[in-house]
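Hi,

Here is the structure I promised to send over. Have a look at it first, and then read on for my notes.

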Amino acid sequence: MSNLELGFWSFPILLIMVLLRAPIGLAMLLCGFAGWYFAMGGNPNVLLNKLKSETYTQFSSYSLSIIPMFLLMGQFATLSGMSSALFKAAESFLGHRRGGVAMASVGACAGFGAICGSSLATAATMSKVALPELRRYGYSGGFSTATLAAGGTLGILIPPSVILVIYAILTEQNIAKLFLAAFVPGILAALGYMLTISLYVRLYPASAGTRPPQPMSERWAALAKTWPVLVIFGVVVGGIYLGWFTPTEGSAIGAAGTGLVAVLSGSLNWAVFRDSLLGTARTTAMIFFIVLGAGFYNSFLALSGVPQFMADWVLGRGFSPWFVLSIILIFYLIFGCLMDSLSMILLTVPIFFPVISAMDFGMSPEHVAIWFGILVLIVVEVGLITPPVGMNLFIINAMDRETPMTETYKAVMFFVGSDIVRVIILVLFPAITLFLLPG
């Protein structure tokens, strides 16, 4: 069997292992391990040397240190009461409108996503704050859980984003430019979800209750309590864009800043600090193990020639670049229902990125890479709320056992529709994503 055939056969084997519920990192590592073994003629010495060099190559990257820092930043932000302050501020301005408390939940998720690069953490944290209020004002269970699941996806779209960092490392792109390009699509996502909520409560009036408006003085007082979020986001993201420090340095400053806010709020004692470090370490270890498995598997695919073969085959067929892009995005939408976002990025970008890079979209190679990265991030984000394996749906359901999952599934499809419309707009008008980039 040729190396190319080995590469193609590895895909169904990997999918079978995933369907058998093997951890995705382990599945990719074993497929890569076996692929290298057979490609090298069964020589174990070559395989062991590759295991040593690949591990060092993957984890010696300075850019990877940004991941535990942003995760720790999210841990401290959760502890310091920022999520509650964000929700109360948004609720004070929007809560009296039809569907306003749900809109406030989305707005608070967007604000929390600006200091937490994890979708699951955003969904879980905001649910603790928003679910009781949604229940209190008569919002139906399915509508409430679907809103929070969708709002949680803003955690990986609005910078800083752990997934964007991984994409930047895989494709050798500038992290700061990717963060900048994600800003407008992230705002569009939040606005799109709010419009979806407005449409939903008009179609199903019984799904949302009402609450009286608050005095303007109370609104401004609630808004003033969100100053730590504004300061940390402004310093971290603004400092990165202005060149005051690198993204890695910015992540450390953000973690230190949120930790200081947690100390000043009185919520950070030694036990909580230890739990934050352990939680960050566990999540980082999980991500790094998936990164190692993906690195080993993708290096085998590069050896087999599968990515180059795919690029040559697509170009040889003369397909339109827009047709190829559409097929890739549809693939992400389908497989996003079955696989988590990080695994999807690590597994597929090394295969699809060479294909997209070889095509002419009328833009510079850097702009194509950044635009494609934002599109991939959005369609992978849709997978987090798409049945049957939307991770955010399970997170929210675990926090609200009274609501049947089927009700959440029905309501969340409205938000999935909003996401698809947004993807189409960003595909047709790349300037929406790219106009903030310098040059």
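The domain bounds used here come from an automatic or database domain assignment. Please keep in mind that this is a predicted model. On that assignment, the protein chain splits into domain 1, made of 1-54 + 295-304, and domain 2, made of 63-268 + 305-432. Taken over C-alpha atoms, the centres of the two domains are 32 Å apart. Domain 1 brings 14 residues to the contact, and domain 2 brings 13 residues.

I spent some time on that interface. Between domain 1 and domain 2, about 1,100 Å² is buried, and carbon and sulfur atoms give 81% of that area. On the domain 1 side, Phe8, Ile24 and Asn298 are the ones to look at: they supply 35% of the area that domain 1 buries against domain 2, more than any other three residues.

What about polar links between the two halves? The count of salt bridges between domain 1 and domain 2 is zero, while four residue pairs, both at pLDDT 80 or more, are in polar contact across the interface. Helix H1 (3-19), helix H2 (24-39) and helix H15 (270-304) are the elements that each give two or more residues to the face of domain 1 touching domain 2. By class, that face has eleven nonpolar residues, three polar ones and no charged ones.

Now for the aromatics. Searching the whole structure turns up 25 aromatic pairs. One of them is Tyr200 with Phe414: the ring centres are 5.0 Å apart and the planes sit at 85°, so this pair is edge-to-face. Because Tyr200 belongs to helix H11 (residues 175-203) and Phe414 to helix H21 (residues 405-428), the pair ties together parts that lie 214 residues apart in sequence.

Last, the charged side chains. The structure holds five salt bridges, among them one between Glu133 and Arg136, whose closest N and O atoms are 3.4 Å apart. Both residues lie in helix H7 (residues 119-136), where Glu133 and Arg136 are three residues apart, about one turn of the helix.

Happy browsing, and all the best!

Notes: Residues are numbered from 1 along each chain as its sequence is written. This is a predicted model: local features need pLDDT of at least 70, side-chain atom pairs count only at pLDDT 80 or more; totals for chains, interfaces and linings use all residues. Side-chain values use heavy atoms; hydrogens and water are left out. Contact means heavy atoms within 4.5 Å. Buried area is the accessible area (1.4 Å probe) that two parts lose on being put together, summed over both. A salt bridge is a side-chain nitrogen of Lys or Arg within 4 Å of a carboxyl oxygen of Asp or Glu. A polar contact is a pair of N or O atoms within 3.5 Å; within protein, one must be able to donate a hydrogen and the other to accept it, and residues adjacent in sequence count only if both atoms are side-chain atoms. Helices (H or I, at least four residues) and strands (E, at least two) are DSSP runs, numbered from the N terminus. Ala, Val, Leu, Ile, Met, Phe, Trp, Tyr, Cys and Pro count as nonpolar, Asp, Glu, Lys and Arg as charged, and the others, Gly among them, as polar. Rings of Phe, Tyr and Trp (its six-membered ring) pair if their centres lie within 6.5 Å; planes under 30 degrees apart count as stacked, over 60 as edge-to-face and the rest as tilted.
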